[in-house]
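Reader: I am new to this structure and would like a close look at one part of it. Please take me slowly through the salt bridges, and through where their partners sit along the chain.

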Amino acid sequence: MHPFSEGTPTVTPPLRNDRLLRALRREPVDQTPVWLMRQAGRYLPEYRATRARAGSFLAMAKNPEIACEVTLQPLRRFPLDAAILFSDILTVPDAMGLELYFVEGEGPKFRHPVRDEAAIARLGVPDMEQDLGYVMDAVRVIRRELDGQVPLIGFSGSPWTLACYMVEGGGSKDFARIKAMALNHPQALHRLLEVTTTAVIAYLGAQRAAGAQALQVFDTWGGVLSPAMYREFSLRYLQRIAAELDRGQGSERTPLILFGKGTGLHLEALSQTGADALGLDWTLDLETAVSRTGGRVALQGNLDPTTLYASPERITHAVGQVLDSYAAGNGGSREGHVFNLGHGMSPDMDPAHVQVLVDAVHALSRR
């Protein structure tokens, strides 16, 4: 039994800042909420110090107390409107037996990539409290330590994005192996995606049960697919997640955000999946995105992350442009918008510039 896994999550006080959840439900808020992808990360000196003590990324991610510490670090610096669980999208395939490891300068890799039908047949859905109990424990500890300050976001990789790493064995420039599987052995790839989707639904559901108050799916590599292949190998599994994941009812419903990089071509279809919000990369104009999604979903994003390399004045100006672009498409209203970057932050970004960004979002959007 894991040390924090007995029963329901620790009872915590009501949220003192529920802007994120209200915005994801497209309800009125006093100012646009903001959180940042990779807000807990190497750009923070305190993160680098924690990582040096822990010894490795995985040692941090698999220790609930350290994962909690890292999750809370950016909230001590900046008035962010949400915490996001410190973890990795590849925990699920790791728990399926692929054995995740990291190579300095090369990123994540698997010792046992999935390259044939026999390997796919051996895959099973992990036990969420045994094989992935350290993630659920981290959620419970973070919820306890947040003490109602802001909501906690849980997350998973999308089935297609996870399959990319599982088949390629790590990152890829051209995704040749998995695209060859899609073209030559589509039924084998669908079997892989089916079991991965079942695991993702269980994983997100377990995070919700442990205390996550919003959930995001990262379809990082959806944009590498042709339109027809995207609909077949990514979109249909995102639709299944949105349809089958139990998110509760009414005011207790847990919002689901689908984030895709390079998937702007598919906004209309994504807005009809049943997800509550879409996270957008920086290549889309928010005014157009509001129109294309027809008010069916909240929108999250979508400042180009490299804006954080600009001067404070230019950051403030760019923040205003994003806020105004959303409002222009939404009849002048800012409701239903969560401010974020169009992708994650980079390790060499200046924390002082993050402060400028967060303050600008709140100041410029105050109702």
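Author: A salt bridge is counted here when a side-chain nitrogen of Lys or Arg comes within 4 Å of a carboxyl oxygen of Asp or Glu. With that cut-off in mind, one pair to begin with is Glu 335 and Arg 367, whose side chains meet in a salt bridge with 3.4 Å from N to O. Glu 335 belongs to the loop between α14 and β9, while Arg 367 belongs to the segment after α15 (351-365), so this bridge ties together parts that are 32 residues apart in sequence. Glu 335 is partly exposed, with a relative accessible area of 21%, and Arg 367 is also partly exposed, at 41%.

Before going further, it should be said that this is a predicted model. The pLDDT of the protein chain averages 96, and 97% of the residues score at least 70. Residues 1-9 are a stretch where the pLDDT is below 50, although in the model this stretch has 20 contacts beyond near neighbours in sequence.

The structure holds 20 salt bridges, and among them is the pair of Asp 276 and Arg 253, whose side chains meet at 3.7 Å, N to O. This pair links distant parts of the chain, since Asp 276 lies in the loop between α12 and β7 and Arg 253 in the loop between α11 (227-244) and β6 (256-260), 23 residues apart. With a relative accessibility of 16%, Asp 276 counts as buried, whereas Arg 253, at 29%, counts as partly exposed.

Another bridge joins Arg 111 to Glu 99, with the closest N and O atoms 3.0 Å apart. Here too distant parts of the chain are linked, for Arg 111 sits in the loop between β3 (107-110) and α6 (117-121) and Glu 99 in the loop between α5 (91-98) and β2 (100-103), twelve residues apart. Arg 111 is partly exposed, with a relative accessible area of 47%, and Glu 99 is partly exposed as well, at 38%.

Not every salt bridge has to be read as an isolated pair: Arg 19, Asp 30 and Asp 81 are linked in a network of salt bridges. As a general point behind these examples, side chains of opposite charge can pair when their charged atoms come close.

Technical notes
Residues numbered from 1 in each chain as written. Predicted model: local features only at pLDDT ≥ 70, side-chain atom pairs only at ≥ 80, totals over all residues. Heavy atoms only, no water. pLDDT = per-residue confidence, 0-100. Contact = heavy atoms within 4.5 Å. Helix = DSSP H or I, 4+ residues; strand = E, 2+ residues; numbered from the N terminus. Buried < 20%, exposed > 50% of the residue type's maximum accessible area, 1.4 Å probe, protein only.
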